[in-house]
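Colleague: Got a few minutes to walk me through this one? I'd like to go through some side chains with you.

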Amino acid sequence: MKILSKLIITHMICHQKEVMVSALAEQGRICQLHIFHEKEKGILGNIYIGKVQNIVKNIHAAFIEIADGISCYYSMDEKSEIFFTNPKKDKTMKIGDEVLVQVSKEGIKTKLPCVSGNLNFTGRYLVLTSQRKELGFSGKLKKEEKKRIREILEDHLPKQAGVIVRTNCRDADASNILRELKQLQNQYEDVLKRASTRVCFSLLKENIPDSIQVLQSTYTKNLEEIITDDKAVFQQVQSYLQCYETQEVPVRFYEDSLLPLAKLYSLETAVSEAAQERVWLKSGGFLVIQQTEAFVCIDVNTGKFSGKKEIQETFRKINLEAAREIALQLRLRNLSGIILIDFINLEKEEDKKELLQTLQVYLKQDPVKGTVVDMTPLNIVEVTRKKVRKSLLEELKALEK
């Protein structure tokens, strides 16, 4: 069944500071939240000419400065070919070398931002990658969809780069797909051309506005409408969609001064609830969600649940309800990395299997990749979720400074 959603982009006061917030509402409930510090531009996705500060061989890492005082972590294990701005015969990275890198992860907690030599140029339908010289597909595309898109692209694929097909490509016309591919190729070639003539710490490509980043990462076919009360955002979104000659997503400018957009969709309440440790389930059970430096731990409790059937059936029902809520909370709070879930103990192997399968089904609804790893002998379920941006709680803490 197709689940329609609304994308809301507006401003609100949070910790006595005005911030831009984007929220995705599905079936009347906020399932995704992002807070943007407009005065502090993020660096995620930016491409720089960086300088190698240090190489630490025992951890297979280098530290690369991308701007004065901004040091980033670079994994020497990545197989990306290093692009030196001053060509040299020896392709080994050394201290003092100037290299082309892209910020692949924001600085999270005490960790430095991460940079990569694999440059990604992201569009609505495709991602062009400098290193992975092959055609890849979103795992959410069906076999017949992949076949159709492969036939469109196979005679147009670049020799010096790879292409990843995004979920939004599912319903795209061939002309739009090929036009975007050409645009991404032009961006890549322009960056390489300018890299050979620019000085160290130059910003060669800045990421697109926050509002467009949000739109790019949202499967637009399920979008009922995009609503904003910010004229600049309204124009940005309209221009972006017009570039693809599509009107499939209506964009509405909200003008009711008596009822602000953030109030209409209860965004303040959604942010407040997403910062709390305890989450109540409809059955009367509850979750306790805690972020630590190393991982996220989630405890499932029976709470006020008063099922009348046998105790194991009671536990099974609470766990299945909790699995759905946990998947939503991970997305809402943008929790990532290693996630350990202490479900209520189940005795039957078939119930355990059902629980893991149910959790994985709900995780697949998240645009950020999440994977159920296993259940340990102590009945702790291990989950991983791709880490890119800061969690919502970290964004809120940053506002307090």
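Colleague: Let's start with Ser211: does this residue count as buried or exposed, and at what relative accessibility?

Modeller: Keep in mind that this is a predicted model. Ser211 has its place in helix 3, residues 210-216. Anything under 20% relative accessible area is called buried. Ser211 falls in that class, so the answer is buried, at 2%.

Colleague: And which residues does Ser211 touch, leaving out those up to four places away in sequence?

Modeller: Ser211 sits in helix 3. Leaving out residues up to four places away in sequence, the contacts of Ser211 are Ile9, Val233 and Gln236.

Colleague: Moving on to Val163, how far is its C-alpha atom from that of Gly136?

Modeller: Val163 is part of strand 12 and is buried, with a relative accessible area of 2%. Gly136 is also one of the residues that Val163 touches, and others among them are Leu126, Leu153 and Leu181. Along the chain Val163 and Gly136 are 27 residues apart, while their C-alpha atoms are separated by 6.3 Å.

Colleague: On to charges: how many salt bridges does a search of the whole structure find?

Modeller: Side chains of opposite charge can pair when their charged atoms come close. The cut-off here is a side-chain nitrogen of Lys or Arg within 4 Å of a carboxyl oxygen of Asp or Glu. With the whole structure searched, the number of salt bridges is 13.

Colleague: Take Arg170 and Glu145, then: how many residues apart in sequence are the parts this pair ties together?

Modeller: Their closest N and O atoms are 2.9 Å apart, in a salt bridge. Arg170 lies in the loop between strand 12 (162-165) and helix 2 (174-195), and Glu145 lies in helix 1 (residues 143-153), so the pair ties together parts whose separation in sequence is 25 residues.

Colleague: Of those two, what is the relative accessibility of Glu145?

Modeller: Both partners turn out to be buried: Arg170 has a relative accessible area of 19%. Glu145 counts as buried too, and its relative accessibility is 15%.

Colleague: Which helix holds both Arg316 and Glu313?

Modeller: Arg316 and Glu313 form a salt bridge, with the closest N and O atoms 3.0 Å apart. Glu313 counts as partly exposed at 24% relative accessibility. The two residues are 3 apart, about one turn of the helix, and both lie in helix 7.

Colleague: Which residues do salt bridges with shared partners join into one network?

Modeller: Arg316 and Glu313 make one salt bridge, at 3.0 Å between the closest N and O atoms. In the network, salt bridges share partners, and the residues joined are Lys6, Glu225 and Arg252.

Colleague: How about Glu268 and Lys263: what is the relative accessibility of Lys263?

Modeller: The side chains of Glu268 and Lys263 meet in a salt bridge, 3.2 Å from N to O. Glu268 is partly exposed, at a relative accessible area of 35%. Lys263 counts as partly exposed as well, with a relative accessibility of 47%.

Colleague: Rings next: why is the pair of Phe121 and Tyr188 called tilted?

Modeller: The count of aromatic pairs comes to 4. For Phe121 and Tyr188, the ring centres are 5.5 Å apart and the planes stand at 50°, so the pair is tilted. Phe121 belongs to strand 9 (residues 120-122) and Tyr188 to helix 2, so parts 67 residues apart in sequence are tied together. Angles under 30 degrees would be stacked and those over 60 edge-to-face, so the label for 50° is tilted.

Colleague: And Phe234 with Phe253: what is the angle between their planes?

Modeller: Phe234 lies in helix 4 (residues 231-243) and Phe253 in strand 15 (residues 251-253), so the pair ties together parts 19 residues apart in sequence. Phe234 counts as buried at 17% relative accessibility, whereas Phe253 is partly exposed at 23%. The pair is tilted, with 5.5 Å from centre to centre and a plane angle of 55°.

Colleague: Last one: which residues make the nonpolar surface patch?

Modeller: Leu258 is found in the loop between strand 15 and helix 5 (261-264), and this residue is exposed, with a relative accessible area of 79%. The patch covers about 300 Å², and its members are Leu258, Leu259 and Leu264.

Conventions: Residues are numbered from 1 along each chain as its sequence is written. This is a predicted model: local features need pLDDT of at least 70, side-chain atom pairs count only at pLDDT 80 or more; totals for chains, interfaces and linings use all residues. Side-chain values use heavy atoms; hydrogens and water are left out. Helices (H or I, at least four residues) and strands (E, at least two) are DSSP runs, numbered from the N terminus. Buried means under 20% relative accessible area, exposed over 50%, partly exposed in between (1.4 Å probe, protein chains only). Contact means heavy atoms within 4.5 Å. Rings of Phe, Tyr and Trp (its six-membered ring) pair if their centres lie within 6.5 Å; planes under 30 degrees apart count as stacked, over 60 as edge-to-face and the rest as tilted. Patches are made of residues with over 30% relative accessible area and no salt bridge: like charges are joined within 9 Å, nonpolar side chains (Val, Leu, Ile, Met, Phe, Trp, Tyr) within 5 Å. Accessible areas come from the Shrake-Rupley method with a 1.4 Å probe; for residues, only the protein chains shown count as cover.
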